[in-house]
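Visitor: Could you take me through one part of this model up close? I'd like to see how the strands pair, and then where that part sits in the whole chain.

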Amino acid sequence: MVSYNQNKNTLEVNISVPGICELYDYQKGLLGILGEIQINDCDELLKENLKSVYKLLGHLLLDSNFLKQHESLLQEYKALIVQSVDGKVQGS
């Protein structure tokens, strides 16, 4: 959903997700696709589009301050990372 914040004079994009697993899937999916692209082989237009996608991805990443404020999400996020390293992400 897109809304306009009159106080900040900005557009805000709100993406509702049922849990941290779905957010993690979005992050992992974007990184997986971006990891397949050979940037040196891209034309300038595609490179500019890639910059936009990386910028969008930056907005989806959870920062440490957010996770510290929401301890239960931090524990769930850590478990997802451990499962991913083990090669068996569940709940996705």
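Guide: Here's a walk through the strand pairing, followed by the chain around it. Keep in mind that this is a predicted model. Strand 1 covers residues 2-5 and strand 2 covers residues 10-13; the two run antiparallel, with four bridges joining them. For one concrete pairing, look at tyrosine 4, whose bridge partner in strand 2 is leucine 11. Strand 1 and strand 2 make a hairpin, with four residues sitting between them. In that turn, check asparagine 9: its phi is positive, at about 55°. While you're looking at side chains, remember that in a regular strand they alternate between the two faces of the sheet.

Now zoom out. Going from the N terminus, the order of elements is β-β-α-α-α-α, so to speak two strands and four helices in total. The C-alpha trace spans about 40 × 40 × 20 Å along its principal axes. As for the radius of gyration, the protein chain comes in at 16 Å, whereas a compact globule of 92 residues would be near 12 Å. Burial is worth a glance too: 16% of the 92 residues count as buried. Among contacts with a separation of 6 or more, 45% link residues 24 or more positions apart.

On the outside, the accessible surface comes to about 7,200 Å², and carbon and sulfur atoms account for 55% of that. Charge rounds off the picture: there are 8 positive and 12 negative side chains, and the centres of those two sets lie 6 Å apart.

Conventions:
Residues numbered from 1 in each chain as written. Predicted model: local features only at pLDDT ≥ 70, side-chain atom pairs only at ≥ 80, totals over all residues. Heavy atoms only, no water. Rg over C-alpha atoms; globule rule 2.2 N^0.38 Å. Buried < 20%, exposed > 50% of the residue type's maximum accessible area, 1.4 Å probe, protein only. Contact = heavy atoms within 4.5 Å. Areas by Shrake-Rupley, 256 points an atom, 1.4 Å probe, with all protein chains shown as cover. Lys, Arg positive; Asp, Glu negative; His and termini not counted. Charge placed at Lys NZ, Arg CZ, Asp CG, Glu CD. Pairing = 2+ DSSP bridges.
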